[in-house]
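Here is a set of short exercises to work through with the structure open. Try each task yourself before you read the solution.

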Amino acid sequence: MEKAYQPQQVEDRIYQYWLEIGAFDAEVNPAKQPYCIVIPPPNVTGVLHMGHALDETIQDLLIRLHRMKGYEALWVPGTDHAGIATQNVVEAQLEEEGLTRHDLGREKFVKRVWEVKDKHHRIITDQLKRIGVSVDWRRERFTLDEGLSRAVREAFVTLYEQGLIYRGARMINWCPRCGTGLSDLEVERELVPGHLWYIRYPEPNGGPGVVVATTRPETMLGDTAVAVHPQDERYKEMIGRTVILPLMNREIPIVADDYIDMEFGTGALKVTPAHDPNDLEIGQRHNLPSILVIDRAGKMTDETGPYAGLDRYECRKRVVADLQKQGLLERIEDYQHTPGRCQRCGTVVEPLVSTQWFVRMEPLAKEGLAAVDSGQVRFIPERWTKVYRDWLENIQDWCISRQLWWGHPIPVWYCNDCGEVTCTREDPTRCAHCGSENIQQDPDVLDTWFSSALWPFSTLGWPEETPELDYFYPTSVLVTGYDIIYFWVARMIMMGKHLVGKEPFSEVFLHGLVRDERGQKMSKSLGNAVDPIELMDEYGADAMRFALCQLITHGQDVTYSPDRMVGARNFCNKLWNASRFVIMNLADMQPVALESTQLSLADRWILSRHSRMLAEVQRQLDGYNLAQAAEAIYDYVWGEFCDWYAEIAKIDLYTDGDNSRRKTVQTILHTLLDEILRTIHPFMPFITEEIWQRLPHSGETISRQPYPQARERWRDEEAEAQMSVLQTAITQIRALRAELSISPGQPVNVTVIVPDEETMSLIASQQQAITSLARVEELNLATAPAKPPQAALLAVSEGMQICLHLPERLDIEEEIQRIRREIDELEKLRKRSVKKLQNSDFLNKAPAQVVNKEKEKLAEFDRDLQRLWDQVKLLSSISP
RNA sequence: GGGCGCUUAGUUCAGAGGGAGAACGCUACCUUGACACGGUAGAGGUCGGAGGUUCAAGUCCUCCAGCGCCCA
C-alpha cells in the first residue's frame, strides 16, 4: 500500500468497477422495502457547481446508507431541459455570431439547442460520476425525452379536461428581452434608487385638478382614470369629476377606491389598467378602459401618438421633458423602488395584459396543504413548513405558456374555422368541435417547471401503471435547496397528489445554499464559483464529500471553506494509514471468537466505544444531522481507535510471546476496521471500497454489505471508567514531560501513588500501556498516604498523584511556581463549587443527582489541593 | 410593512438548561517499526448588547443592534 492515500489512482477505477458489477442497479423487489430518491435534475445549461456537489453528496449518502441497510435503494438520475435558461445560452452564442434565433428559424434553432444539451449532458454526467453518485444509470431520464413528454401531455390534457387549465387574458410579467411571458416566481425584485415624479392633471375648465405621483411616468400615456381614497378629505369634492390627461389630452374620471394609500405621494393615484396589476383591479372595479401603450418589445404602441415606436426608457425621458415644458411637472423626489427583473436575463419586466395559459391553483393548493397537514409530507427542518404553507395559502394562478421555442409544445390546436380549441392526448387531424381540418397548434411551449412538477412520477413511468411506479412511488425523500420550495417542491406535491393520488415523497430534506468565503452566493457571473472538479482534483472526491457533510447544518447556508477540505483530506489519509497498519499486521490472522476470549481492558473499552459510536451515528443520521454523524465517526476513528487502541495494540502485536493476545488483537482490529469502513462508506465511498477490497472479505463490494449496528452486549461502563483513569495517568505523565521539554526518546521514571487497592490493581495491570504510551522506563506504584519522592514533578488527578522523577535537573523554585499555578486553577473551581453547595436553594431545588455530583467534585478538589500543597511544602523544605 | 435565519477561539463552524467544543491556523518538543496529510503537550472565547425567568442560562423569554434571506 502507498504511504499516503492517492485518490486519483483509485476513484476512476472503483467507479468503473461499480458500474461493471451493477452495484447501483435497483429492481422491483417485493422481498425488500423500497427506498427511492429522484435526483433534482441539473439544468443542461452549464456544469455542476458546489450546490450540486452538496445536493448529490447528501443523496448519495442516504441512498448508500439504505442500500446497506437492506432496502432496495433506487436513485433515479436525470437532467432538466431548463427551457428559458437553455434557450438563452444558445441565444447568447448566436448573438456573438451576430445572429438572432429568428435568423435561424425555429427548426434549426432547436437543433442547435439539442447540441448544447448533449454537450452539457456529457459534462454533467462525468461530474456526477466523479462525485461517486450511486444512481441507476439505466433509468436515466431527461425532461424532454419521449416518456416524460407523454407524462406532460397527459398532465396537461387531464388538467384541461378538469377545468384546471384555462386560457385567458390576464396581467402577466413580460420579459421584453426573452420575448415571453413569465410566472410571478420568475420575476426577481431588487431595491434600486429611482425617482418619484409628481405630475399635475388639470381640470377641463383650467382648474388646478390633481397632482399624481408615479415611478413610471411613461405609463401615464395609458392612464384611464385617477383614483383617490373615498375618505380623503382633500379630494372629496373631486370624486366623479374629470381631469385632462396631459400630453394625450384625454379626459379621464376621478374615481374613489379603498385600495388607495392616502399616505403615499399625494394620495392620488394615476390608473393604468394595462400596465399594473393593481391598476387593472381598480380598472375592473370601475369599468375603466385599458389602453396598451407598451408593446412586447418594450416599445411604445400606436396608442401613444407622438411617442409611438419609442423605447420605453427613451419615452420616459421625453414624457418628463414635455411635461416640464408644459409646466405640469410639479417636482421630482428621489425614491427607492423595486422593479421586477427577469430571473434569467435581468431585464426589467413589463406587467401587461396578455392571453396565456394558466393553471387554476386554488384547488391544487388545497391538496398541497392537506398533504402537509396530514403528515404525509414532512419538511426537515420543520420550519420550512410555514414558508410552504404561507405560499400555498396566498396562491396565484400559474402562467404556464412561454413564447419560446425550447420546451414541451402546448398540446392545443385552434380551429381557423370555428375558433374552438382542441386539446387531446393524441395529435388531432381535425377540430374536435366542427371537424374542420383547418387547425393549427399553439406555437408556445410550457414553463419548464411544468415538467419538473411531474418528475417524481414521470421518471417512474407515469402515466403508465408501471411496476416501478407501483413499487417505488411515493419516493422516500426529496433532497434539495430551500430556494426552490415554491418553484418545485410545492408544485410536485400538488401535482403528485392530484394526478397520481399520492404525495410524491414522504420527507423533504432542505439544505442551505453554498456561499463563498465572504458569504456571497456562489455564481458564475460573480466569478467566485468554486469548481467541484478542481476540489476533487486537489483533495479527492471523498474528502470533498466528507467536508461538505461536516458543513451541513439544518437549513443553514454553507460557507465554502478550504480549511475543511484540508481537514477532510487528512482524515482520509488517517483512515488509509490506520488501515495500512491493520493490514500489515493481519498476514497470519486466525480469527478468534471474541465472546469466548479473555479480553483486555483496552479491548473491552474499544468495543464499548465502537458500539457507542455506531449508536450515535445512527441517531444522528435518523435526524438528518449529517455533520454530527460525521463528527461522531471522526472523533472515534481518530481520537480513540487510532490514538489509543492502535497504540496499545502494538504492545501485543510487536511483543513475542503470548500468541493468544496477538490473535485477539488481530481479530478486534480486523473486525472494527471492517465496521468502520462500512460505517464511513456512505460518506466516503471510494477510499472505503479500496481499503475493504484489500482486507480479508467476502462479497463483491462494500456498498452492498450490511450497515453496522450498535451491539448492546459490547457496552461496558466499567471498562470505559477504568480506561479513563488509565488515559488520565498517561496524559499527565506526558504533560509533565512536556513541562520540562524532555524529548520523547529520553525515558523517565515515574511513581504513581494511588488512592486505593482497586486503582492499584488497575494501574498495575496496565503497566505496559503506561510505559509504552508515556515512554516510561521504570514505573513504581504506591498506595496513599505514601509520600511522593523528593525532587519530583507532581500532577494530581483522579485521586492519583503522579510523580515524575527528575533528581538532577529540577529547578525547585520553578516547580513550586508551576504547582502554584495549578493550585490557582483548582482553587477557582473549588470556590465555585463551595458557593453552589452553600446555596440552600441549590441544595433544595436541584436534583439530588446534580447535588451529589457537585459534592463529589468538591471532595476531589479538596483532596487534589491538599496534595499539591503538600508537595509545595515538601519542595520548600528542601529548597536551598 | 410581514416573516424567517444568523451573531460562540485568529478563520470556518458545532453545541440548545448543570464544570466552553472541532477543523484549519498558531507555539514548543519530536523522522517512536500506520500516518509529518503525523505524534505529544499547549496558547487562544466576559458565547453581539441590555433586561428577565431559574437553585443554575451560549442554552429559555423580552427588547435592542448588526448581518443575510423570503414575501408584499
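**Exercise 1. Decide how well helix H20 is covered, then check its length.**

Step 1: H20 is mostly covered, with 18 of its 22 residues buried; buried means under 20% relative accessible area, exposed over 50% and partly exposed in between (1.4 Å probe, protein chains only). Helices (H or I, at least four residues) and strands (E, at least two) are DSSP runs, numbered from the N terminus.

Step 2: H20 takes in residues 659-680, and from first C-alpha to last it reaches 31 Å, close to the 32 Å expected at 1.5 Å a residue. The expected span is 1.5 Å times one less than the number of residues.

Before you go on, a word on the ground rules: this is a predicted model, in which local features need pLDDT of at least 70 and side-chain atom pairs count only at pLDDT 80 or more, while totals for chains, interfaces and linings use all residues. Residues are numbered from 1 along each chain as its sequence is written, chains are lettered from A and ligands numbered from 1 in the order in which they are written, and side-chain values use heavy atoms, with hydrogens and water left out.

**Exercise 2. Describe the surroundings of Thr-679.**

Step 1: Thr-679 has its place in helix H20.

Step 2: Thr-679 counts as buried because its relative accessibility is 1%.

Step 3: Leaving out residues up to four places away in sequence, Thr-679 touches Met-613, Leu-614, Val-617, Ile-633, Tyr-707 and Pro-708. Contact here means heavy atoms within 4.5 Å.

**Exercise 3. Compare the span of helix H22 with its expected value, and look at what follows the helix.**

Step 1: H22 covers residues 717-739, and its 23 residues should span 33 Å at 1.5 Å a residue. The end C-alpha atoms of H22 are 33 Å apart, so the two values agree.

Step 2: Just after H22, Ser-741 takes a positive phi of about 50°.

**Exercise 4. Find two further residues with positive phi, and say where each one lies.**

Step 1: Leu-247 is not a glycine, yet has a positive phi of about 70°. Leu-247 sits in the loop between strand E11 (242-245) and strand E12 (250-256), and it counts as buried because its relative accessibility is 15%.

Step 2: Tyr-624, also not a glycine, has a positive phi of about 60°. The loop that holds Tyr-624 runs between helix H18 (601-622) and H19. With a relative accessible area of 7%, Tyr-624 is buried.

**Exercise 5. Locate two cis peptide bonds.**

Step 1: Going from Trp-462 to Pro-463, the peptide bond is cis, with omega near 10°. Pro-463 belongs to the loop between helix H12 (455-458) and helix H13 (467-472).

Step 2: The bond from Tyr-473 to Pro-474 is cis too, with omega near 0°. Pro-474 is in the loop between H13 and strand E24 (475-481).

Step 3: Now look at Phe-457, in helix H12. Phe-457 is buried, with a relative accessible area of 0%. Beyond four places in sequence, its contacts include Trp-462 and Tyr-473, along with Leu-469, Met-495, Gly-496, Leu-499 and Val-500.

**Exercise 6. Identify the largest nonpolar core and its best-connected members.**

Step 1: A nonpolar core is a set of buried Ala, Val, Leu, Ile, Met, Phe, Trp, Tyr and Cys residues joined through side-chain atoms within 4.5 Å.

Step 2: The largest core has 202 residues, of which Phe-156, Phe-379, Phe-450 and Phe-683 touch the most other members. Helix H19 (residues 626-654) gives the most to this core, with 16 residues.

Step 3: Setting aside neighbours within four places in sequence, Phe-379 is in contact with Val-372, Trp-384, Thr-385, Tyr-388, Val-489, Ile-493, Val-508 and Leu-510. Another core lies apart, made of 30 residues, among them Tyr-201, Leu-221, Met-238 and Ile-254.

**Exercise 7. Place Gly-98 and give its distance from Ile-742.**

Step 1: Gly-98 is in the loop between helix H3 (83-96) and helix H4 (101-104), and is exposed, with a relative accessible area of 59%.

Step 2: From C-alpha to C-alpha, Gly-98 and Ile-742 are 76 Å apart in space, and 644 residues separate them in sequence.
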